[in-house]
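Okay, thanks everyone. I've got one model to show today, so let me put it up on the screen.

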Amino acid sequence: MSLEGQSIDKKSLRVITGKTTDWPQLAKDCVAFANAQGGRLLIGIEDGEGESLAGQRVPAELTEKVRARLGELTINVTIVVQLRQSEATGGEYLEISISRS
């Protein structure tokens, strides 16, 4: 797993689930990556951690929900949302790839 930096950011799964959902902030992060050189958001990996939690499962409908919601909140930002699984822990996370605008 890569370290956070100018082209990659890790966020807790709580950012898109439950009462702590912050869609506007997530959209702002996508726009920032698009305005720079593009990048990746890894949703489901806690700050400071290298991998997703062992046994973590991402609800199947969440991939499409993220794609749709970010599409509603951004303009001219191309994103691809994919469900991934950590080889080390088996835990699932979402990878959002943002193209440069």
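I'll go through one helix, then the core, then the salt bridges. Keep in mind that this is a predicted model.

So, helix H1. It runs over residues 23-35, which is 13 residues, and it spans 18 Å from the first C-alpha to the last, close to the 18 Å expected at 1.5 Å a residue. Which residues of H1 are buried? We have Trp23, Leu26, Ala27, Asp29, Cys30, Phe33 and Ala34. They sit on the same side of H1, because the arc they cover around the axis is only 155 degrees. In general, an α-helix has 3.6 residues a turn, so residues three or four places apart point the same way. Flip to the face turned away from that buried side and you find the exposed ones, Pro24, Lys28 and Asn35.

And what covers the buried residues of H1? The cover includes strands S1 (8-11), S2 (39-43), S3 (79-85) and S4 (92-98), plus helix H2 (62-73).

That takes us to the core. The largest nonpolar core has 20 residues, and Ile16, Val66, Leu70, Ile96 and Ile98 have the most contacts inside it. H1, S2, H2, S3 and S4 each give two or more residues to this core, and H1 gives the most, with 6. If you zoom in on Ile16, leaving out residues up to four places away in sequence, it touches Thr21, Trp23, Leu26, Ile43, Leu62, Val66 and Leu94.

Now the charges. How many salt bridges does the count come to? It comes to 7. Remember Asp29 from the buried side of H1? Its side chain meets that of Lys11 in a salt bridge, at 3.0 Å, N to O. That pair links distant parts of the chain, with Asp29 in helix H1 and Lys11 in strand S1, 18 residues apart. Asp29 and Lys11 are both buried.

Then there's Glu46 with Arg14, at 3.4 Å, N to O. Here Glu46 is in the loop between S2 and H2 and Arg14 is in the loop between S1 and H1, 32 residues apart. Glu46 is partly exposed, at 22% relative accessible area.

Last pair: Arg69 and Glu72, with the closest N and O atoms 2.8 Å apart. These two are 3 residues apart in helix H2, so about one helical turn separates them. Arg69 is partly exposed at 30%, while Glu72 counts as exposed at 57%.

That's what I had, so over to you.

How values were computed:
Residues numbered from 1 in each chain as written. Predicted model: local features only at pLDDT ≥ 70, side-chain atom pairs only at ≥ 80, totals over all residues. Heavy atoms only, no water. Helix = DSSP H or I, 4+ residues; strand = E, 2+ residues; numbered from the N terminus. Expected span 1.5 Å × (residues − 1). Buried < 20%, exposed > 50% of the residue type's maximum accessible area, 1.4 Å probe, protein only. Arc of directions from axis to C-beta. Contact = heavy atoms within 4.5 Å. Core = buried A, V, L, I, M, F, W, Y, C linked by side-chain atoms within 4.5 Å. Salt bridge = Lys/Arg side-chain N within 4 Å of Asp/Glu carboxyl O.
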